[in-house]
Amino acid sequence: MDNSFSMGNNLNRRTFVFTASTVLSAPSLVLSSQTFATEASREFLVKWRNMTIGSSNVRVRRDQKKLKTEIDVNLVVKIFGITFYSYSLKNRELWEEGQLIKLTSEAQENKKKDQLSVHKRAKNLHIKGSKFTGEISENAATTSYFTSDFLLRNLWINTHNGKPLNVDFMASGEENISTFSGDRVAKKWVNSGDLDLSLFYDANGDWIGSSFPVRGEQATMILNKENNSINDLWKKTLSQW
């Protein structure tokens with residue numbers, strides 16, 4: 001699997017599509033000025049080759065056993081003021097007691113637009129997307145990464161195009177990673193499945209960073225803002241709580 005892209009006049013947009021739409025169909029979001037105990041959020045900056053090329057934002061709201069998520073990604077690659085690539089994702093998810101109930105997303109890669117819808121039906125998830133239409137197990141996670149509980153699930157849904165992804169994350173020690181508040185200790189998880197991706201979670205199970213290779217160099221998602229613990233709200237929606 002080639003996760004690389006080249007810059008300049010020969011930008012490999014196909015590869016960057018994979019990187020943006022699969023890896024970055026994960027999230028971020030901007031909070032209002034007032035935050036309540038039922039809300040949490042975090043924003044990430046996406047960096048590659050010493051450039052900040054975009055942001056990913058995630059916001060969640062808890063209503064008893066339900067969790068609503070709003071995920072927005074915006075990405076632009078410019079060289080000498082010329083836009084070589086742009087990507088945006090607007091993803092909305094509804095979870096109840098740890099199970100995905102509904103997902104709708106709209107994405108645009110350069111001028112190409114995609115839409116995705118996922119609905120729970122009985123014990124399955126019905127997916128209608130540009131890369132997959134059909135049903136899969138109700139226990140699937142998504143490429144939203146906001147809770148470390150997703151690491152326990154081997155089937156994820158690409159929130160850009162609906163493609164089911166087989167994942168297998170293994171713990172790979174602890175690392176100090178950069179955040180807006182300085183370096184933090186995080187547990188590193190490395191996937192050996194469909195995504196060439198490393199995820200970082202803190203001791204509370206909150207997502208605080210990611211890294212993935214692009215053209216032989218690491219692209220990183222660096223935590224830029226946070227408000228409350230998303231994982232705490234997630235755990236309060238689970239049936240045993």
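In the predicted model, the side chains of Thr147 and Asn231 are joined by a polar contact of 2.6 Å. Thr147 is found in the loop that runs between β9 (141-142) and β10 (155-157). Its side chain also has a polar atom 3.1 Å from the backbone nitrogen of Asp149. When residues up to four places away in sequence are left out, Thr147 touches Tyr201, Gly205, Asn231 and Trp234. Asn231 is thus named both as a polar partner of Thr147 and among the residues that Thr147 touches. Thr147 counts as buried because its relative accessibility is 0%, and the limit for a buried residue is under 20%.

Tyr201, one of the residues touched by Thr147, also appears in the description of the second largest pocket. This pocket has a volume of about 210 Å³. Its lining consists of 14 residues, and those nearest the centre of the pocket are Ser148, Leu151, Lys187, Trp189 and Tyr201. By class, eight of the lining residues are nonpolar, two are polar and four are charged. Two strands, β12 (169-177) and β13, each contribute at least two residues to the lining. The largest share, four residues, is supplied by β13.

Strand β13 covers residues 184-191, and Arg184 lies within this strand. The side chain of Arg184 makes a polar contact of 3.5 Å with the side chain of Thr179. Beyond residues up to four places away in sequence, Arg184 touches Glu175, Asn176, Ile177, Thr179, Ile208, Leu223 and Glu226. Thr179 is therefore listed twice for Arg184, because a polar contact is a pair of N or O atoms within 3.5 Å, while contact in general means heavy atoms within 4.5 Å.

For the protein as a whole, the secondary structure comprises two helices and 16 strands. The protein has 241 residues, and 50% of them are buried; Thr147 is one of the residues that count as buried. Among contacts with a separation of 6 or more, 50% are between residues 24 or more positions apart. The exposed area of the protein is about 11300 Å², of which carbon and sulfur atoms supply 46%.

Conventions
Residues are numbered from 1 along each chain as its sequence is written. This is a predicted model: local features need pLDDT of at least 70, side-chain atom pairs count only at pLDDT 80 or more; totals for chains, interfaces and linings use all residues. Side-chain values use heavy atoms; hydrogens and water are left out. A polar contact is a pair of N or O atoms within 3.5 Å; within protein, one must be able to donate a hydrogen and the other to accept it, and residues adjacent in sequence count only if both atoms are side-chain atoms. On a 1 Å grid over the protein atoms alone, a cavity is a set of points where a 1.4 Å probe fits but cannot get out, and a pocket is an open set with protein on both sides within 12 Å along at least five of seven lines; lining residues have an atom within 4 Å of a point. Grid points are joined across faces, edges and corners, and a volume is the space filled by probe spheres set on the points. Ala, Val, Leu, Ile, Met, Phe, Trp, Tyr, Cys and Pro count as nonpolar, Asp, Glu, Lys and Arg as charged, and the others, Gly among them, as polar. Buried means under 20% relative accessible area, exposed over 50%, partly exposed in between (1.4 Å probe, protein chains only). Accessible areas come from the Shrake-Rupley method with a 1.4 Å probe; for residues, only the protein chains shown count as cover.
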